[in-house]
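Me: Hi! I've got a model open here and would like to talk through how its parts fit together. Can you help?
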Amino acid sequence: MTESVAAIDNDLWRPFWQAAEERRLVLPFCCVGDRAFWPPSPISPYAGGCEVEWREVARRGRLVSRIVTRRGFQQAFGDLLPYAIGLVELAGDVRLCAHLSDPEAAAPDDIVGLEFRVLVDGGQSVLTIVASD
Amino acid sequence: MAFLDGRTAIAGVGASRFERRPQASVLQFAATALDTALADAGLERGQVDGLISQVGSPRGLDYDTIAETLGLTPRYCSQTWAHGRFAATVLIEAAMAIHAGLATRVACIMAMKNSDIGRIGEANNPFFHEQFRENGGPHGEQGHIGMASPIAGAAMAFDLYCRRYAKDPDLLAAIPLTLRAHARLTDDAVMHKPMSREDYFAAPYMIEPLRLFDCSPVGDGAVCAIVTARNDRAGEVAITGAQGLRAGRDTFIFAPVGLGFGQQSTTRLTPEQVRGQHVYASAGVAPEAIDVLGAYDSFAPLPLYVLEDFGFCGAGEALDFVQDGRIGLNGAIPMNTSGGQLSQAQMNGWGQIRELVQQLRGQCGARQVRGAKRALWATAGGDALILEAN
């Protein structure tokens with residue numbers, strides 16, 4: 001059986017992962033109204049929207065949900081159990097899921113930071129939550 | 001209201017045994033379901049001229065294999081995405097095909113064998129790496145951050161729900177406990193053992209806040225429903241109301257409208273929108289007229305959203321509503337009376353369709369809802385059917 005922890009990386013997603021290599025977080029914006037959106041789209045999902053532009057945003061937001069994985073579904077993440085997945089609301093109301101290695105390190109409503117880190121052997125840098133100072 | 005005003009009917013239902021047995025053939029399940037449904041409808045295979053398959057390969061059977069192997073010669077065939085939900089959508093399509101003159105007797109078959117390929121979302125499943133669907137899996141899967149199971153999406157939506165309404169997640173226990181009690185009265189339920197509150201809370205978390213018994217077990221089996229024009233034959237159950245699936249930026253498969261995760265508005269349906277939905281308008285009834293409910297329940301929180309988005313209680317009230325027997329057999333709205341997917345079997349909602357037909361016929365023995373004349377089947381995704389006794 002195969003298992004992979006690779007993320008989708010294609011023409012649409014490349015700006016996100018290229019920025020991630022530099023530890024920067026970028027989001028797609030609709031040029032009408034300067035609104036960020038998620039997930040990435042080749043066209044703006046907003047009515048009357050037009051071109052899409054990737055822009056860097058602050059790696060900081062409010063944790064709005066936290067779930068704790070206690071059963072292993074992926075061999076590659078087995079050694080990390082238990083771990084959490086958090087939903088982080090960024091400026092502009094975009095909400096992104098990110099990995100939280102220590103479930104107790106941050107709680108919902110906390111303002112948290114986001115960093116790109118390699119979690120598993122052979123994996124790429126992915127979005128992770130770090131407790132804010 | 002057009003053709004779904006009772007002019008088509010479910011004429012027969014049938015099912016295989018529900019089990020978890022990798023050595024069984026999914027074709028055996030399908031043949032049993034088809035033959036029992038045809039016998040129930042008083043029809044023979046040669047009279048079937050329409051075929052819609054709900055789950056294709058790799059989890060289930062494609063329409064061409066079903067027809068070739070089981071000796072059907074339909075002139076109208078169709079098939080949906082190999083996923084849950086879609087039960088109402090398939091039955092609506094069958095009714096439309098009949099109305100359009102494309103078929104007269106449509107066999108709607110859901111046949112699948114999940115145990116072949118492991119639990120959906122496990123990364124050792126080579127056919128169903130849903131995490132690799134572009135822009136995320138249908139249940140929010142993102143395997144690269146360790147979020148590969150559908151349970152994660154259901155857990156996150158439930159966590160958001162509990163935080164928004166300041167509810168204790170442990171109130172959820174009422175749903176699996178009630179459905180297990182219903183399954184105890186259901187001969188073909190996979191999960192038939194008694195389950196106490198202590199058993200429920202002693203079981204481990206899978207992905208907190210969801211515990212083991214908040215997740216439906218893997219199911220193998222098949223269910224068939226035969227849709228025909230309404231002939232006022234005994235045993236027919238008329239399709240009197242329907243609506244399709246929603247999609248868009250305010251929806252998520254495991255959440256009520258406006259409470260998914262990702263970038264969505266947080267605006268719930270208003271009470272007027274809830275009561276004015278097409279499924280009620282087409283049947284000419286309100287939620288109070290429903291006697292028995294089938295709510296899609298792959299995970300325990302999902303029926304909460306059905307209860308709210310279909311008007312059995314207000315937004316944020318469902319965790320309180322499901323307490324004190326209100327969804328039990330003698331409750332305000334008996335729900336998933338054969339045990340649902342959480343205890344009878346994970347059959348993509350088709351076990352519930354069969355149960356509702358049998359409830360409306362008065363065939364359910366110890367779990368019969370007295371005087372059941374009108375049933376609703378619905379998912380948090382919005383697809384729904386109203387069925388009425390002939």
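Me: Which residue in E5(B) is the bridge partner of Thr69(A)?
Reply: Happy to help: the partner in E5(B) is Ile207(B). This is a predicted model, where local features need pLDDT of at least 70, side-chain atom pairs count only at pLDDT 80 or more, and totals for chains, interfaces and linings use all residues. Residues are numbered from 1 along each chain as its sequence is written, chains are lettered from A and ligands numbered from 1 in the order in which they are written, and side-chain values use heavy atoms, with hydrogens and water left out.

Me: And how do strand E4 of chain A and E5(B) pair?
Reply: Strand E4 (residues 60–69) of chain A pairs with E5(B) in the antiparallel sense, over two bridges. Strands here are DSSP runs (E, at least two residues; helices are H or I, at least four), numbered from the N terminus, and a pair needs at least two DSSP bridges.

Me: How much area is buried between chain B and chain A?
Reply: About 3,400 Å², with carbon and sulfur atoms giving 56%. That is the accessible area (1.4 Å probe) the two parts lose on being put together, summed over both. On the chain B side, His144(B), Ile145(B) and Gln263(B) lose the most, together 20% of what that side buries.

Me: Which side chains meet in a salt bridge there?
Reply: Arg70(A) and Glu208(B), at 2.8 Å from N to O. The rule finds one salt bridge across this interface, counting a side-chain nitrogen of Lys or Arg within 4 Å of a carboxyl oxygen of Asp or Glu. Helix H4 (150–165) and strand E5 (205–208) are the elements of chain B that give two or more residues to the side touching chain A, and H4(B) gives the most, with seven.

Me: Switching topic: how is chain B divided?
Reply: Into domain 1 (1–116 + 220–233) and domain 2 (150–211 + 242–390), with bounds from an automatic or database domain assignment. Their centres, taken over C-alpha atoms, are 23 Å apart. The contact (heavy atoms within 4.5 Å) takes 37 residues from domain 1 of chain B and 29 from domain 2.

Me: What forms a salt bridge with Asp40(B)?
Reply: Arg361(B) does, and the closest N and O atoms are 2.9 Å apart.

Me: Last one: what's the strand order in the open sheet of chain A?
Reply: E2-E1-E3, three strands with antiparallel pairing. Strand E2 (35–36) and strand E3 (52–56) of chain A each have a single partner strand, so one side of each lacks a neighbour in the sheet.
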